[in-house]
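Please look at the sequence and the model below, and read on for a careful walk through its folds, its empty spaces and a few of its unusual residues.

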Amino acid sequence: MNNSLSSELSGAVGDLGTFIPIVLTLTLVSHLDLSTTLIFTALYNLTTGLLFHIPMPVQPMKSIAAVAVSETPHLTTSQIATAGASTAAVLFFLGATGLMSTLYRLLPLPVVRGIQLSQGLSFAFSAIKYIRYNQDFVASKATTPRAWLGLDGLVVALSSLLFLVIFTGSGDHYDRNGSDDDQPRRRNSKRLRILGSIPAALIVFLLGLVLCFIRDPSIFGDIKFGPSKIGFLSITWNDWKVGFLKGAVPQIPLSVLNSVIAVCKLSGDLFPDRELSAAKVSVSVGVMNLVGCWFGAMPVCHGAGGLAGQYRFGARSGWSVVYLGIGKLIIGLVFGNSFVRILNQFPIGILGVLLLFAGIELAMASRDMNSKEESFVMLVCAAVSLTGSSAALGFVCGILLFLLLKLRKMEYSGSAPGFSKFKFESTVDAETSSIP
């Protein structure tokens, strides 16, 4: 698929609305080595972009990050690393043995859509909080309402939102061809293509970087050039125990569902000719972390939300994440850990805007549920996932509901004293299975 350089560059920053807040939080709270993380995630971006040929994202493992900063005391860098390595080992095993591919084939589509919908709405809800309220990432909570004016005020965030809507619309893609007798439509399509060719997300992100230095000019004096020294972590048996029980156990089901199943299904929706293999994606997550975690790099995965965000802002090939990887590598090698000073001043309202578009794009993948039964399963799965803050719980409820509905419609026949053959099948479902 041909795509312009500007669109790929714009799409490259589409997943930074989730990447930056989590990386910043782990750096400030758990003393994550930012330089090492940037260098390793850059190498992951370069590799996956060239191997998968789609804008495959490299995202933080969100459950591990949440546990790391919410536990008292906070998880250490070594415990975070063991949590990531343990999760990676499970995913590598599932992918290498083919069990992940089997699960992917058997999993009902409405359940997958429910997981995607819940994840997308969760991103959108977080994005609205980023836009409306000031954030204390160290305490993992919203604080005071955001002021209208200021370099990180509501005016800046809403102006960025309006800018992205004008130049990217709803994410529709317009046909370049048109009949000669339909000149108004062709002129309108041409105008929309011109607007869509502008790297809107990249411009908004660069605006945020400029505002970092305007908000705190002392950043210039705090920048130190060169990467930090990369070395093996010192890991104890207790680190493995804490990392596995507190970090890996809640992360594994989320990684299976969102980092493999959901991202593969979304890749088929967005790129029908390039649907990803669940086994390869699972192995990819395993290899990345089994290599990088030993050096203190942040545990990462492939998230459906990141793919949706990059696609939403123009990414159509693996080159978008290759460009992102080059950018991360330069920053990690040149600025090292001092880059955290810049990230700490990045306007959170702008991050919220980028995250909002990514969340909505992911949630819209569920719009192909055409029957009431499918929609019912999807919405119950999404609702349980959101209210229970657990994709695993939503998944289990979705599977049970799906099986119960199928069992209800099955035909049973048998004979017993005093009973004639009978059928359990809902005629109501047959009449109302389609949405009017």
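Leaving aside residues up to four places away in sequence, Ser 78 touches Leu 233, Ser 234, Ile 235 and Asp 239. This contact list, like everything that follows, is read from a predicted model. Ser 78 belongs to helix α5, which covers residues 77-97. Is Ser 78 buried or exposed? Its relative accessible area is 11%, and because buried means under 20%, Ser 78 counts as buried.

**The protein as a whole**

The protein has 20 helices and four strands. Of its 436 residues, 53% are buried, and the surface that the protein exposes comes to about 20100 Å², with carbon and sulfur atoms supplying 65% of that area. Among the contacts with a separation of 6 or more, 81% are made by residues that are 24 or more positions apart.

How many disulfides does the model contain? The count comes to zero. A disulfide is a covalent bond between the sulfur atoms of two cysteines. Two of the cysteines can be described by their cover: Cys 264 is buried at 0% relative accessibility, and Cys 293 is buried as well, at 1%.

**Helix α4 and the loop after it**

Helix α4 is mostly covered, since seven of its nine residues are buried. The buried residues of α4 are Lys 62, Ser 63, Ile 64, Ala 65, Val 67, Ala 68 and Val 69. Which elements lie over them? The cover includes α2, β1 (59-60), α5, α7 and α12.

In the loop between α4 and α5 lies Pro 73, and the peptide bond that joins Thr 72 to Pro 73 is cis, with omega at about 0°.

**Two histidines with positive phi**

His 31 is not a glycine, yet its phi is positive, at about 60°. His 31 sits in the loop between α2 and α3 (34-52), where it is exposed, with a relative accessible area of 62%. His 53 is another residue other than glycine with a positive phi, in this case near 65°. The loop between α3 and β1 holds His 53, which is exposed with a relative accessible area of 51%; the call follows because exposed means over 50%.

**The largest pocket**

Rolling a probe the size of a water molecule over the atoms shows where empty space is left. The largest pocket holds about 1200 Å³ of space. Of the 36 residues that line this pocket, Lys 62, Ala 66, Gln 119, Ser 122 and Ser 126 are the closest to its centre. Lys 62, which has just been named at the pocket, is also one of the buried residues of α4.

Which elements supply at least two residues each to the lining of the largest pocket? They are α2 (16-29), α4 (62-70), α7 (109-132), β2 (133-136), β3 (141-145), α12 (237-270), α18 (372-387) and α19 (391-409). Helix α7 gives the most, with nine residues. Sorted by class, the lining of the largest pocket has 18 nonpolar, 14 polar and four charged residues.

**The enclosed cavities**

Besides the pocket, how many cavities of 30 Å³ or more does the model have? There are two such cavities, and the table sets out their volumes.

| Cavity | Volume |
|---|---|
| Largest cavity | about 40 Å³ |
| Second largest cavity | about 30 Å³ |

The residues that line the largest cavity are Ser 30, Leu 32, Thr 77, Ile 80, Ala 81, Gly 296, Ala 297 and Pro 299. By class, that lining divides into five nonpolar residues, three polar residues and no charged ones.

The second largest cavity is lined by Leu 107, Val 111, Val 112, Ile 115, Leu 257, Ile 261, Ala 262 and Phe 395. Helices α7 and α12 are the elements that give two or more residues to this lining. What classes of residue surround the second largest cavity? Its lining has eight nonpolar residues, no polar residues and no charged residues.

Taken together, α7 and α12 appear at several of these places: they supply residues to the largest pocket, they line part of the second largest cavity, and they are among the elements that cover the buried residues of α4.

Notes: Residues numbered from 1 in each chain as written. Predicted model: local features only at pLDDT ≥ 70, side-chain atom pairs only at ≥ 80, totals over all residues. Heavy atoms only, no water. 1 Å grid on protein atoms, 1.4 Å probe; cavity = no way out; pocket = protein on both sides within 12 Å on 5 of 7 lines; lining within 4 Å. Points joined across faces, edges and corners; volume = space filled by probe spheres on them. Nonpolar A, V, L, I, M, F, W, Y, C, P; charged D, E, K, R; others polar. Disulfide = S-S within 2.5 Å. Buried < 20%, exposed > 50% of the residue type's maximum accessible area, 1.4 Å probe, protein only. Contact = heavy atoms within 4.5 Å. Areas by Shrake-Rupley, 256 points an atom, 1.4 Å probe, with all protein chains shown as cover.
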